[in-house]
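Open the model in your viewer and keep the selection panel at hand. The stops below each give a selection and what to look for there.

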Amino acid sequence: MSDKMSDSVVRIFDTTLRDGEQSPGASMTVEQKLVIARQLEKLGVDVIEAGFAASSEGDFESIARISREVSRPRVLSLARSQEGDINRALKAVEQAKNPGIHIFIATSDIHLKHKLRMSRQEVLDAAVKAVAYAKKHIDYIEFSAEDASRSDPDFLIQVFKEVIRAGARTINVPDTTGYAIPSEFGALMSQLIERTAGADRVTWSAHCHNDLGLAVANSLAAVHNGARQIECTINGIGERAGNTSLEEVVMALRTRKNYLSLDTGIVTEQIYPTSRLVSQVTGIAIPINKPIVGDNAFAHEAGIHQDGVLKHRQTYEIMTPESIGIPGNRLVMGKHSGRHAFDERLKHLGFNLSKEDMNRAFLRFKELADKKKNVYDEDIEAIVAEEILRVPGQPDRYELLYLSVNSSSDGVPAATMKMRVGGEERMDHASGDGVVDACYKVIAKITGSQSQLVRYTVNAITGGADAQGGVSCLIEDDGIRVSGQGAHTDIIMASALAFINALNKLEGRKHYRRLVEREGP
Ligand code: KIV
Ligand code: ZN
């Protein structure tokens, strides 16, 4: 793949699997990351940052598996400016068709003084040494100056000049703290490109965080001033307030091509399925008013607007739902839907499942269709998230076998539950402030869990009284935070399943931590 793109094309670098995964509670299993990576390829992203190889065994394995499975996009691993990190990153991407590594070091005085405790000269030396070392083993190197937007531009120019000389092919300018203002960030990009020796030999890139809600605006300002790569994530997930949202920035470029004259290689019709997939896998809900992919993004409520849209869509619509892959008419499935139609629907929703997983999902679909007249796309997504994507590559330690709850206006809510815990059946009961509380207490009793519930959210997955309830919970134990998801036509069951799902994930994380403590990363 050529990485020097035409002057009118902006390269889309997706970091959902690295920076996106840094969202609290968004950690994903290797299998989940693979499913997302395959979908990102279908979406047409140019680069997939698959993880940070030196940070964990799980990240290393995900990068290595994605490197083997994905063929068109370039696959990168992040690495600090240290030989150990670089070696690990090189090993992780070695089987990729288009491998690369992404080396970074902070350049702002505040990071140098308080975090790195290094002088500017030491940072410059470390950056150049790291790029030169990596260049002996791999051709494609991206270099990032962390906290660039709060760094002295003269120092940035010095560092960039030297790393370009050492062989970096892309220079990334991160607004790490989401501090920049669009006109300021655009001017910084323009100044860097103008004043850095060798600037014309590399691609310039923007990596913006959304702390002030300006990540997309800053990324657009950067490309308006010469950058030709945008780093972004699906649904804008990421550290703190997140990163530039891929769907927003791509649709801004497409919709305002008349102003910006820039293109991307994104297959925009894959945006909606990808967004839903990432939300299902991570358990991070899409706000209803989120641009492009939120439920209300194309809903017209006011009478005047509805009248206008009915007369001529463009009166109030600057893009069509079809252009991002929202199905024109929702296909409703039910108990008479056959296997072929179900498989086709799964594929349309972005799930490329193995035959065995398709069979499992189909069985769950049939069970649901017996309880619920109409099965919508959202129900199918919930089935896949519940049944397939949550399996962390090893058998679940905890399984729900039976649940009964009591609730009345004057009694104390109580729950009785039977669970399988590591092969052994256990039964207990507990009371609580409400039935969900009673349920969570009995699960904690049976499993011995000391975890704290940090967040609990419930959504109706579709409309109607027989709608499935989707529950997402975030729990914390011993400094580890994980999210769990559950879907069921009974909201109490969905709540119990979400908590048990989170506990299973927590087991996996604790197991990994014990392994690292014993054997090192
Ligand atoms: O925000 C940031 O600075 C980063 C770098 C590692 C590119 O994520
Ligand atoms: Zn970042």
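Is R240 buried, partly exposed or exposed? The model is a predicted one, and in it R240 has a relative accessibility of 44%, so it counts as partly exposed. Select this residue and you are in the loop that runs between β8 (229-232) and α9 (246-255). Check its backbone as well: R240 is not a glycine, yet its phi is positive, at about 50°.

A second residue of this kind is S261. Select it in the loop between α10 and α11. Its phi is near 55°, a positive value in a residue other than glycine. S261 is partly exposed, because its relative accessibility is 46%.

Stay in that loop, which joins α10 (257-260) to α11 (271-282), and move to T268. Is T268 buried or exposed? T268 counts as buried, because its relative accessibility is 4%, and the cut-off for burial is under 20%. The side chain of T268 comes to 2.7 Å from the backbone oxygen of S323. Beyond residues up to four places away in sequence, T268 touches V250, M251, R254, S323, I324 and G325.

Next, select H207, which belongs to strand β7 (residues 203-208). H207 has a relative accessible area of 5% and is therefore buried. What joins the side chains of H207 and E231? A polar contact of 2.6 Å does. Show the residues around H207: leaving aside neighbours within four places in sequence, its contacts are T15, R18, D19, N172, V173, P174, D175, E231 and N243.

Then go to D154, in helix α6 (residues 153-166). D154 has a relative accessible area of 43%, so it is partly exposed. Its side chain makes a polar contact of 2.9 Å with that of R195. To get a sense of scale, draw a distance from the C-alpha atom of D154 to that of I230: the two residues lie 76 apart along the chain, and the separation is 23 Å.

Helix α3 and the cores

Select helix α3, residues 83-93, and colour D85, I86, A89, L90, A92 and V93, which are buried. Viewed down the axis of α3, these buried residues lie within an arc of 165°, so they line one face of the helix. An α-helix has 3.6 residues a turn, so residues three or four places apart point the same way. What do the buried residues of α3 pack against? Their partners are α2 (57-69), β3 (74-80), β4 (99-106) and α5 (120-135).

Now show I101. Together with F143, F160 and W204, I101 has the most contacts inside the largest nonpolar core, which has 110 residues. Outside its neighbours within four places in sequence, I101 is in contact with residues that include I86, A89, L90 and V93 of the chain, along with L76, S77, A134, I138, Y140, I141 and E142. A second core, separate from this one, has 30 residues, among them V421, A430, A498 and A502.

Two sheets

Select β9, β10 and β11. They form an open, antiparallel sheet of three strands in the order β9-β10-β11. The edges are β9 (398-406) and β11 (424-431); each has a single partner strand, so one side of each has no neighbour in the sheet. From one strand to the next the twist averages 15°. Strand β10 (residues 414-421) pairs with β11 in the antiparallel sense over eight bridges. Which residue of β11 is the bridge partner of M419? It is R426. Add helix α16 (residues 435-447), which packs on the sheet and touches β9, β10 and β11. The direction of α16 makes about 140° with that of β11.

The last stop is another open sheet of three strands, with antiparallel pairing and the order β12-β13-β14. Its edge strands are β12 (452-460) and β14 (480-488), each pairing on one side only. Here the twist averages 15° from one strand to the next. Between β12 and strand β13 (residues 469-477) the pairing is antiparallel, over eight bridges. To inspect one of them, select Q452 and its bridge partner in β13, E476.

Technical notes: Residues are numbered from 1 along each chain as its sequence is written. Chains are lettered from A and ligands numbered from 1 in the order in which they are written. This is a predicted model: local features need pLDDT of at least 70, side-chain atom pairs count only at pLDDT 80 or more; totals for chains, interfaces and linings use all residues. Side-chain values use heavy atoms; hydrogens and water are left out. Two strands pair if DSSP finds at least two bridges between them. Helices (H or I, at least four residues) and strands (E, at least two) are DSSP runs, numbered from the N terminus. Axes are lines fitted to C-alpha atoms, for helices over the stretch in contact, and angles run from 0 to 180 degrees between N-to-C directions. Buried means under 20% relative accessible area, exposed over 50%, partly exposed in between (1.4 Å probe, protein chains only). A polar contact is a pair of N or O atoms within 3.5 Å; within protein, one must be able to donate a hydrogen and the other to accept it, and residues adjacent in sequence count only if both atoms are side-chain atoms. Contact means heavy atoms within 4.5 Å. The arc is that of the directions from the helix axis to the C-beta atoms. A nonpolar core is a set of buried Ala, Val, Leu, Ile, Met, Phe, Trp, Tyr and Cys residues joined through side-chain atoms within 4.5 Å.
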